[in-house]
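Hi,

Here is the structure I said I would pass on. Have a look at it first, and my notes follow below.

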Amino acid sequence: MRTFWIVSGLLFVWALIGDMAYLAQVTADLDELAKTDPISASAFRTMPEWVWTAYAVAVWVGTLGAIALLLRRKWAVPLYAVSLIAVILQFGWTFLATQLIEAKGADVLIFPAVIIAVGAFSLWWAMKHAKSGVLK
């Protein structure tokens, strides 16, 4: 049970970091960002509203999933599932509809891959504990 609390606590911290990243991006001064990273600024400028919505759903619903996990509630499972789908939609657009990889190189895929992996792990972790009866 100790491992459950440690891992679930770490997933909650991860979710809060995602929330902060979202807030930083959604409130970024794109003119200032363009001075140091014109490629990212351009990607943010052209990002459709539905992608920003997917990003918001990914982080905020993921945070709710982490809270549900800490409360030992089964509804962590569908919340993490929705969050993971939203992450995949967001990064799908980012890498398929922009020139980000061409402009910055394949290294730009590493952190999104980590985010997707953590999202998949979170869903698996919640499903495992729902099945074992830890989540009610």
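To start with one spot: where is R72 placed? It sits in the loop between α4 and α5. Bear in mind that this is a predicted model. R72 caught my eye because most residues other than glycine have a negative phi. R72 is not a glycine, yet its phi is positive, at about 60°. As for burial, R72 has a relative accessible area of 26%, so it counts as partly exposed.

R72 also turns up among the contacts of L135. If you skip the neighbours within four places in sequence, L135 touches F4, L69, R72, R73, K74, A76, A126, H129 and A130.

That brings us to the inside of the protein. L135 is one of the residues with the most contacts inside the largest nonpolar core, along with L11, L69, A76, Y80 and A126. This core has 20 residues in total. Four helices each give two or more residues to it: α1 (2-26), α4 (49-70), α5 (76-96) and α7 (110-132). There is a second core too, separate from that one, with ten residues, among them Y22, M47, V51 and A56.

Now for the outside. L64, I67, L71 and W75 make up a nonpolar patch on the surface, and together they have about 370 Å² of accessible area. I67, one of the patch residues, belongs to helix α4. Its relative accessible area is 32%, so I67 is partly exposed.

That's what I have for now. Shout if you'd like to go through any of it together.

Cheers

Conventions
Residues numbered from 1 in each chain as written. Predicted model: local features only at pLDDT ≥ 70, side-chain atom pairs only at ≥ 80, totals over all residues. Heavy atoms only, no water. Core = buried A, V, L, I, M, F, W, Y, C linked by side-chain atoms within 4.5 Å. Buried < 20%, exposed > 50% of the residue type's maximum accessible area, 1.4 Å probe, protein only. Contact = heavy atoms within 4.5 Å. Patch = residues over 30% accessible without salt bridge, like charges linked within 9 Å, V, L, I, M, F, W, Y side chains within 5 Å. Areas by Shrake-Rupley, 256 points an atom, 1.4 Å probe, with all protein chains shown as cover. Salt bridge = Lys/Arg side-chain N within 4 Å of Asp/Glu carboxyl O.
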